[in-house]
Amino acid sequence: FTFTSGSSDTLLVSPFGQDNCSLDSLYLNQSSFSCQDTGTHAILLSAEDQSSNVTTDTTFVTILDTISPELATQPLTVYLDSNGTTDITAADLDNGTTSNCALDTIEVSKDQFGCVDVGSQIVQITAKDVNGNATSDSVPITVVDSLAPTLLVRNLSLVLGPTGTVNIDSADVDNGSFDNCGIASLSINPNQLDTSNYGNNAVVITLTDVNGNVTQRTITVNI
C-alpha cells in the first residue's frame with residue numbers, strides 16, 4: 001500500500017480482513033504515521049475470529065509526502081552602500097513560509113545587486129522541504145541609490161583675460177569628487193566672471209550623480 005500525507009503531518013491506517021464466520025478483532029502493530037515515517041515500512045496485521053483462530057501477515061506500507069511548501073513572500077526595497085552594492089538573503093523575502101513536514105531550504109535566484117540594478121527587479125525565491133517538494137515564486141525588488149555624491153572642491157584665484165573675462169571649468173574647481181555609482185555632471189554658477197567681479201566671489205558648485213542625487217557647495221573665487 002502507498003499512502004500520501006495530507007495537510008496534516010499525521011496519517012492513520014485502518015486494518016481490513018474477512019473470515020468464513022465472523023472476525024472478532026483486527027490488529028496492526030503500527031497504524032499511525034507522521035513525517036518522520038516517510039518511506040516503506042513492514043506492518044504486521046493480525047486477525048482473530050470468534051473461535052480464537054489467529055492469522056498474521058506482513059504487508060508493506062509506503063508513506064509519501066507530496067505536499068509542496070506554502071510559500072509566503074514580501075516585496076523588498078534595498079539601498080546601495082558606498083561601494084555601490086547591496087546583499088539580500090532569503091529571509092529578507094520570506095514572510096512565513098511553512099511546510100506540512102519541515103522546510104529544508106529557502107533560496108533566492110540573485111542575492112547581490114549593484115548600480116546597474118537600480119530600479120525594479122524580479123527575484124525568484126524557492127522553498128524546498130525535507131522530502132524534496134519545492135515551491136517557487138517571483139518577488140519584486142526595488143534597488144535604490146540614495147547616497148549623494150562626495151563633492152571635493154577648492155577655492156580659486158584667477159586673472160581676467162584680454163577680453164576682461166575669465167571662464168571657470170570643472171577641472172579648475174574639482175579636487176577629486178566621487179560617487180558610489182558614477183558622476184553625471186558638475187555645474188558651476190556663475191561659470192564666467194568679468195571686470196565687475198574684482199575681489200572675492202561666491203560660486204556654487206553642483207555635483208549630480210547618475211541616479212539624480214545632488215551635492216552642492218559654495219567656493220570663493222578671487223579675481
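The following exercises, each with a worked solution, concern the predicted model shown above.

The model is predicted: local features need pLDDT of at least 70, side-chain atom pairs count only at pLDDT 80 or more, and totals for chains, interfaces and linings use all residues. Residues are numbered from 1 along each chain as its sequence is written, and side-chain values use heavy atoms, with hydrogens and water left out.

**Exercise 1. Determine which cysteines are joined by disulfides, and where each partner lies.**

Step 1. A disulfide is taken as a pair of cysteine sulfur atoms within 2.5 Å. By this criterion the structure holds two.

Step 2. C35 is joined to C101, with an S to S distance of 2.0 Å. The angle about this S-S bond is -85°, and the link is left-handed. C35 is in the loop between β4 (32-34) and β5 (39-49), while C101 is in the loop between α1 (90-93) and β9 (103-108); the pair therefore ties together parts 66 residues apart in sequence. Helices (H or I, at least four residues) and strands (E, at least two) are DSSP runs, numbered from the N terminus.

Step 3. Both C35 and C101 are buried, where buried means under 20% relative accessible area, exposed over 50%, and partly exposed in between (1.4 Å probe, protein chains only).

Step 4. C115 is joined to C181 at an S to S distance of 2.1 Å. The torsion about their S-S bond is about -90°, so this disulfide is left-handed. C115 is in the loop between β10 (112-114) and β11 (119-129), and C181 is in the loop between α2 (170-173) and β15, so this pair ties together parts that are 66 residues apart in sequence.

Step 5. C115 counts as partly exposed because its relative accessibility is 26%; C181, at 22%, also counts as partly exposed.

Step 6. With the bonded cysteines numbered in sequence order, the pairing is 1-2, 3-4.

**Exercise 2. Identify the members of the largest nonpolar core that touch the most other members, and the elements that give two or more residues.**

Step 1. A nonpolar core is a set of buried Ala, Val, Leu, Ile, Met, Phe, Trp, Tyr and Cys residues joined through side-chain atoms within 4.5 Å. The largest such core has 16 residues, of which I168, I205 and V221 touch the most other members.

Step 2. Two or more residues come from each of β17 (200-209) and β18 (214-222). β17 gives the most, namely three residues.

Step 3. Apart from neighbours within four places in sequence, V221 is in contact (heavy atoms within 4.5 Å) with residues including L156, L158, I168 and L193.

**Exercise 3. Establish the strand order of the four-stranded open sheet and its edges.**

Step 1. Two strands pair if DSSP finds at least two bridges between them. The order is β13-β18-β17-β15, with mixed pairing.

Step 2. β13 (156-157) and β15 each have a single partner strand and stand at the edges, so one side of each lacks a neighbour in the sheet.

Step 3. The pairing of β15 with β17 is antiparallel, over six bridges. S185 has T208 in β17 as its bridge partner.

**Exercise 4. Locate the salt bridge and classify the accessibility of its residues.**

Step 1. A salt bridge is a side-chain nitrogen of Lys or Arg within 4 Å of a carboxyl oxygen of Asp or Glu. The structure holds one.

Step 2. D117 is bridged to K110, the closest N and O atoms being 3.0 Å apart.

Step 3. D117 counts as buried because its relative accessibility is 9%, whereas K110, with a relative accessible area of 32%, is partly exposed.
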